[in-house]
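This report goes through one protein chain from its overall dimensions down to single residues. The sequence and the coordinates are shown first.

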Amino acid sequence: MPETVPDTRALTPQQVRDFFGAHRTVRQYRTQDGQPIPLPEDHLDAVLYAAQRAPTHSTSQLYSIIQVQDPAQRAELAELAGNAHIATAGAAFVLCADLHRIGQILALDGTAVGDWADVANHFAVGDAVMAGQNLLTAAEMLGYQGCWIGGVLNNLPQIAEVLELPAGVLPFSALTIGLPDEQAPYRPRLHREVVVHTDRYRLPERAEMEANIEHMNPIAARGDRPGDWARLLRMYWGAGGAMEKRQPDLQAVKRRQGLG
Ligand SMILES: Cc1cc2nc3c(=O)[nH]c(=O)nc-3n(C[C@H](O)[C@H](O)[C@H](O)COP(=O)(O)O)c2cc1C
């Protein structure tokens, strides 16, 4: 495969803004007779190529991508992750942090693995994210949309089993892509000033944060119900919320996979 760098691939700033402005997470995909419409081979090849072209920590490529093709496997994962579109998307993947492969490579000449569990966890998740986001961006360049699915943490022990993950491998998130069958809304982001800091971290005032919450409220709107973003975050991150429920399983699976 030629690895040439084109003379120029410069877009204008406005073209870049337009491209990323058109990003929408999509959860309803076009189907044919109720069946997923698979990506043509060359499209699938291009998005997987993009995934593997992502930068990678220490050259190590500490991730694996499981493309889930078997309809029964997709249905089971959809159920376990609580995201039905895993069964209906054009393509479905699970992006995993993978420290198994590095151990296998070191073992080739009998080198013992180092004591680096936290460091490796840190960078392996980063590698999985970068590969997956490259995949999604490439898919969007081809006219698809997609959805990351952190819902894999909902039934993580079962999902690790269904995917037959060896020690050292941990799902980060699933990712679906396909032809959109919904008009997903433009979802806002925080004002740049609270996310991008200059020279040192700046703590926003309460009023600035409240203005940001107001600005974010539409992201939590459901149908005619107006959005309340802070309430949504309380449901996710507050005591007794959804994230706390995921914590024991993630801890247990990380330990079981030799990553804890
Ligand atoms: C790591 C990650 C996990 C996510 N998990 C889910 C999920 O389990 N289910 C879902 O419907 N959307 C999921 N999303 C999609 C987000 O809800 C979506 O990106 C966010 O609402 C912003 O919307 P936008 O991407 O359309 O701008 C996830 C996104 C990320 C990055």
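The text below covers the fold, the core, one helix, the ligand shell and some loop residues.

**Overall fold**

The model is predicted. The chain contains eleven helices and six strands. For 260 residues a compact globule would have a radius of gyration near 18 Å, and the chain, at 20 Å, agrees with that. The C-alpha trace spans about 60 × 45 × 45 Å along its principal axes. Buried residues make up 25% of the 260 in the chain. Counting contacts between residues at least 6 apart in sequence, 80% join residues at least 24 apart.

An unreviewed UniProt entry lists residues 23-178 as "domain: Nitroreductase". This span is 43% helix and 21% strand, and the C-alpha atoms at its two ends lie 13 Å apart.

**The nonpolar core**

The largest nonpolar core has 46 residues, and those that touch the most other members are Ala81, Ile86, Leu95, Cys96, Ala97 and Ala174. Two or more residues of this core come from each of helix H2 (41-52), H3, H4, S4, helix H6 (117-141), S5, H7 and S6.

Two of these residues can be followed through their contacts. Ala81 is placed in helix H3. Ala81 is buried because 25 other C-beta atoms lie within 10 Å, where 20 or more are required. Beyond its neighbours within four places in sequence, Ala81 is in contact with Ile86, Ile149, Gly151, Val152, Asn154, Asn155, Ile159 and Ala174. Ala81 and Gly151 are 70 residues apart in sequence, yet their C-alpha atoms are 4.7 Å apart in space. Ala174, with residues up to four places away in sequence not counted, touches Leu77, Ala81, Ile86, Ala92, Phe93, Val94, Ile149 and Val152.

**Helix H3 and what it packs against**

Helix H3 covers residues 71-81, and its buried residues are Arg74, Leu77, Ala78, Leu80 and Ala81. Which elements do the buried residues of H3 pack against? The partners are helix H4 (85-88), strand S4 (91-98), strand S5 (145-149), helix H7 (156-162) and strand S6 (169-178). Gly82, just after H3, has a positive phi of about 65°.

On the other side of the helix in sequence, Gln69 sits in the loop between strand S3 (63-67) and H3. Gln69 counts as exposed, since it has 11 C-beta neighbours inside 10 Å. The C-alpha atoms of Gln69 and Ala87 are separated by 9.3 Å, with the two positions 18 residues apart along the chain.

**The ligand shell**

There are 13 residues around the ligand, of which Thr25, Trp148, Gly150, Gly151 and Arg187 come nearest. S5 gives the most to this shell, contributing three residues. Sorted by class, the shell has four nonpolar, six polar and three charged residues. Gly151, one of the nearest shell residues, is also a contact of the core residue Ala81.

**Exposed loop residues**

Three further loop residues count as exposed, and the table gives their places and neighbour counts.

| Residue | Loop | C-beta neighbours within 10 Å |
|---|---|---|
| Thr59 | between H2 and S3 | 6 |
| Glu164 | between H7 and S6 | 8 |
| Gly143 | between H6 and S5 | 9 |

Most residues other than glycine have a negative phi. Thr59 is not a glycine but has a positive phi of about 65°. Glu164, likewise not a glycine, has a positive phi of about 55°. Why do Thr59 and Glu164 count as exposed? Exposure requires 12 or fewer other C-beta atoms within 10 Å; Thr59 qualifies because it has 6, and Glu164 because it has 8.

Gly143 is exposed by the criterion that gives it 9 C-beta neighbours inside 10 Å. Gly143 and Lys254 are 111 residues apart in sequence, and their C-alpha atoms are 36 Å apart in space.

Conventions: Residues are numbered from 1 along each chain as its sequence is written. This is a predicted model: local features need pLDDT of at least 70, side-chain atom pairs count only at pLDDT 80 or more; totals for chains, interfaces and linings use all residues. Helices (H or I, at least four residues) and strands (E, at least two) are DSSP runs, numbered from the N terminus. Two residues are in contact if their C-beta atoms, placed from the backbone, lie within 7 Å. UniProt positions are given in the numbering used here, feature names are shortened, and annotations may be inferred rather than shown by experiment. A nonpolar core is a set of buried Ala, Val, Leu, Ile, Met, Phe, Trp, Tyr and Cys residues joined through C-beta atoms within 7 Å. The radius of gyration is taken over C-alpha atoms; the globule rule is 2.2 Å times the number of residues to the power 0.38. A residue is near a molecule or strand if its C-beta atom, placed from the backbone, lies within 6 Å of it. Ala, Val, Leu, Ile, Met, Phe, Trp, Tyr, Cys and Pro count as nonpolar, Asp, Glu, Lys and Arg as charged, and the others, Gly among them, as polar.
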